[in-house]
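Here are my notes for going through this one together. Keep the viewer open and click along as you read.

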Amino acid sequence: MNVSPQHSPEPAAAADIPASAPGTRLDPWLSHYAERTYGMKASEIRALFAVANRPEVVSLAGGMPFLAGLPLETISEVTAKLLSERGAVALQYGSGQGEESFREQILEVMREEHIRAHADDVIVTTGSQQALDLVTRIFVDPGDVVVAEAPSYVGALGVFRSYQADVVHVPMDANGLVPEALEHTLSELAAEGRTVKLLYTVPNFHNPGGVTLSAERRPQIVEIAQRYGVLILEDNPYGLLGFDSDPLPALHTYDPDGVIYLGSFSKTFAPGYRVGWAVAPHAVRERLVLAAESAILCPSMMSQMSISTYLATCDWRGQVKEFREVYRERRDAMVSALAEYLPMASWTNPAGGFYTWVRLPEGLDAQDMLPRAVTELVAYVPGTAFYADDQGKQFMRLSYCYPTAERIREGVRRLAGVVTSELEL
Ligand code: PMP
């Protein structure tokens with residue numbers, strides 16, 4: 001991950017398709033698309049899903065949470081009761097910001113990580129993915145800079161690209177984003193007269209990096225962002241899934257006026273409800289609500305009320321603890337299998353979350369190797385998916401969230417066979 005920041009003064013609107021392109025038989029509307037769509041590309045992960053989902057393939061690719069532990073019977077009873085007793089409300093439109101009583105419950109969830117906020121400053125979104133979109137929509141003009149970790153969450157990069165941001169990566173190490181590197185990049189960008197709109201960061205159990213920003217660095221990162229007048233976008237879907245110690249203070253805690261905080265129920269409950277949230281400084285939150293109303297009118301009432309009932313009537317803290325235990329066991333299986341089968345590689349040792357980030361031996365290219373891996377019935381995501389530029393060839397993301405410990409071991413064993421034969425080529 002120690003790669004120097006790279007950026008160019010060009011806006012990210014890589015015009016792959018000239019605006020004057022004629023229509024084709026496959027797409028007669030080719031010349032009509034907005035410029036912002038030119039940078040959009042299918043996620044490498046999505047393309048992989050079709051293959052990786054075949055039962056004979058051990059998929060270490062996707063980031064699907066393990067849901068088998070959820071009390072599905074209780075959830076279905078609670079949902080049936082919700083519909084029969086309050087169906088007319090649950091199936092109705094609601095507030096663009098999200099229901100107030102539900103936002104109060106979100107505060108309770110955040111308190112588990114010692115994060116304090118006011119319900120007025122919370123906006124409920126359709127997954128935190130929509131919050132990423134809304135924040136980018138209200139702040140980023142084409143050519144503005146978004147500073148992001150190297151590597152970064154692929155879904156965030158997709159959003160930044162679709163708003164024609166110029167993503168500038170800053171390296172991480174085993175302790176997360178490197179403050180000196182951030183300072184260096186921001187000062188260079190300032191000297192070039194570039195406008196930096198956001199610093200996007202996943203401080204806890206990074207996707208895909210598998211690292212956590214150390215306690216010592218947290219106030220440093222906030223101080224640097226403050227000094228350069230950069231708004232921090234703190235994305236924290238995995239914060240409650242730490243294996244070892246108490247949660248570290250969120251960046252939001254140090255500067256609630258300089259940080260937009262994002263949370264999600266996708267990893268601690270279920271992604272199918274598509275419910276996440278943002279906490280933003282008051283004026284920003286008002287604009288986010290306007291943007292959300294124009295996008296979707298309001299978040300799903302049915303989802304909000306279902307989660308609200310779950311939080312109020314089920315032992316959700318106990319459930320999160322159970323998830324944590326499952327993921328810890330799988331993390332252990334992953335790192336011990338890597339140590340046993342892939343000693344020629346190196347990897348991060350995640351203290352929570354879903355992913356480890358693997359560096360292949362010199363000269364290997366994870367993207368080139370993927371077809372062979374799939375033939376050997378194992379799948380991963382090549383590192384290149386997690387950069388806005390051409391870095392990452394030597395890396396891959398391995399997820400341990402979904403397969404059982406036994407399947408993880410088998411997957412890593414197959415992967416080691418592929419790596420060994422590549423090295424012999
Ligand atoms: N941020 C990060 C870092 C993620 O890993 C994900 C999901 N993989 C999301 C945001 C989006 O999650 P959701 O929309 O389901 O809340």
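1. Start at Ser264, whose bridge partner in β9 is Gly276. This is a predicted model, by the way, so read every contact below as part of a prediction. The pairing goes on from there: β8 and β9 run antiparallel and are joined by four bridges.

2. Now look at β8 itself, residues 259-264. Are its residues buried or exposed? Six of the six are buried. Val259, Tyr261 and Gly263 sit on one side, with Ile260, Leu262 and Ser264 on the other, and both faces are covered. If you wonder where that every-other-residue pattern comes from, side chains in a regular strand alternate between the two faces of the sheet.

3. β8 has another partner to find. Strand β7 (residues 231-235) pairs with β8 over four bridges, this time in the parallel sense. To see one of these pairings, click on Leu233 and then on Ile260, its bridge partner in β8.

4. Zoom out and you can trace the whole sheet. It is open, has eight strands and mixed pairing, and the order is β2-β9-β8-β7-β6-β3-β4-β5. Which strands stand at the edges? They are β2 and β5 (176-177); each has a single partner strand, so one side of each is left without a neighbour in the sheet.

5. Don't let the edge position of β2 fool you. Strand β2 (residues 122-125) is covered on both faces, with Val122 and Val124 buried on one side and Ile123 and Thr125 buried on the other. Its pairing with β9 (residues 276-279) is antiparallel and uses four bridges. One spot to check is Val124, which has Trp277 as its bridge partner in β9.

6. There is another sheet to look at. This one is open too, with four strands in the order β10-β11-β14-β13 and antiparallel pairing. Here β10 (346-347) and β13 (381-382) are the edge strands: each has a single partner strand, so one side of each lacks a neighbour in the sheet. Between β11 (residues 355-359) and β14 (residues 395-399) you can find five bridges, with the strands running antiparallel. Val358 is a handy marker, as it stands opposite Met396 in β14.

7. Next, the ligand. Which residues come nearest to it? Of the 14 residues around it, those are Gly127, Ser128, Gln129, Ser264 and Ser266. You have already met Ser264 as the β8 residue bridged to Gly276. Helix α4 (residues 127-139) gives the largest share of the shell, three residues. Sorted by class, the shell holds four nonpolar, nine polar and one charged residues.

8. Follow α4 onward and you reach Gly143, in the loop between α4 and β3 (145-150). Gly143 has 15 other C-beta atoms within 10 Å, so it counts as partly exposed. Try a distance, too: Gly143 and Ala131 are 12 residues apart in sequence, and their C-alpha atoms are 21 Å apart in space.

9. Compare that with Ala90, in helix α2 (residues 72-90). Why does Ala90 count as buried? Because it has 20 C-beta neighbours inside 10 Å, and 20 or more is what the label asks for. Leaving out residues up to four places away in sequence, Ala90 touches Leu82, Leu83, Met301, Met302 and Met305. Take Met305: it is 215 residues away along the chain, yet the two C-alpha atoms are separated by 6.5 Å.

10. That sort of long-range contact matters for the whole-chain count. Among contacts with a separation of 6 or more, 75% join residues 24 or more positions apart. Buried residues make up 47% of the 425 in the chain.

11. Finally, the overall picture. The chain has 13 helices and 14 strands, and its C-alpha trace spans about 65 × 55 × 50 Å along the principal axes. The radius of gyration is 22 Å, which agrees with the value near 22 Å that a compact globule of 425 residues would have. An unreviewed UniProt entry lists residues 73-415 as "domain: Aminotransferase class I/classII large". That span is 45% helix and 17% strand, and its end C-alpha atoms lie 38 Å apart.

Methods:
Residues are numbered from 1 along each chain as its sequence is written. This is a predicted model: local features need pLDDT of at least 70, side-chain atom pairs count only at pLDDT 80 or more; totals for chains, interfaces and linings use all residues. A residue is near a molecule or strand if its C-beta atom, placed from the backbone, lies within 6 Å of it. Helices (H or I, at least four residues) and strands (E, at least two) are DSSP runs, numbered from the N terminus. Ala, Val, Leu, Ile, Met, Phe, Trp, Tyr, Cys and Pro count as nonpolar, Asp, Glu, Lys and Arg as charged, and the others, Gly among them, as polar. UniProt positions are given in the numbering used here, feature names are shortened, and annotations may be inferred rather than shown by experiment. The radius of gyration is taken over C-alpha atoms; the globule rule is 2.2 Å times the number of residues to the power 0.38. A residue is buried if 20 or more other C-beta atoms lie within 10 Å of its own, exposed if 12 or fewer, and partly exposed in between; C-beta atoms are placed from the backbone. Two residues are in contact if their C-beta atoms, placed from the backbone, lie within 7 Å. Two strands pair if DSSP finds at least two bridges between them.
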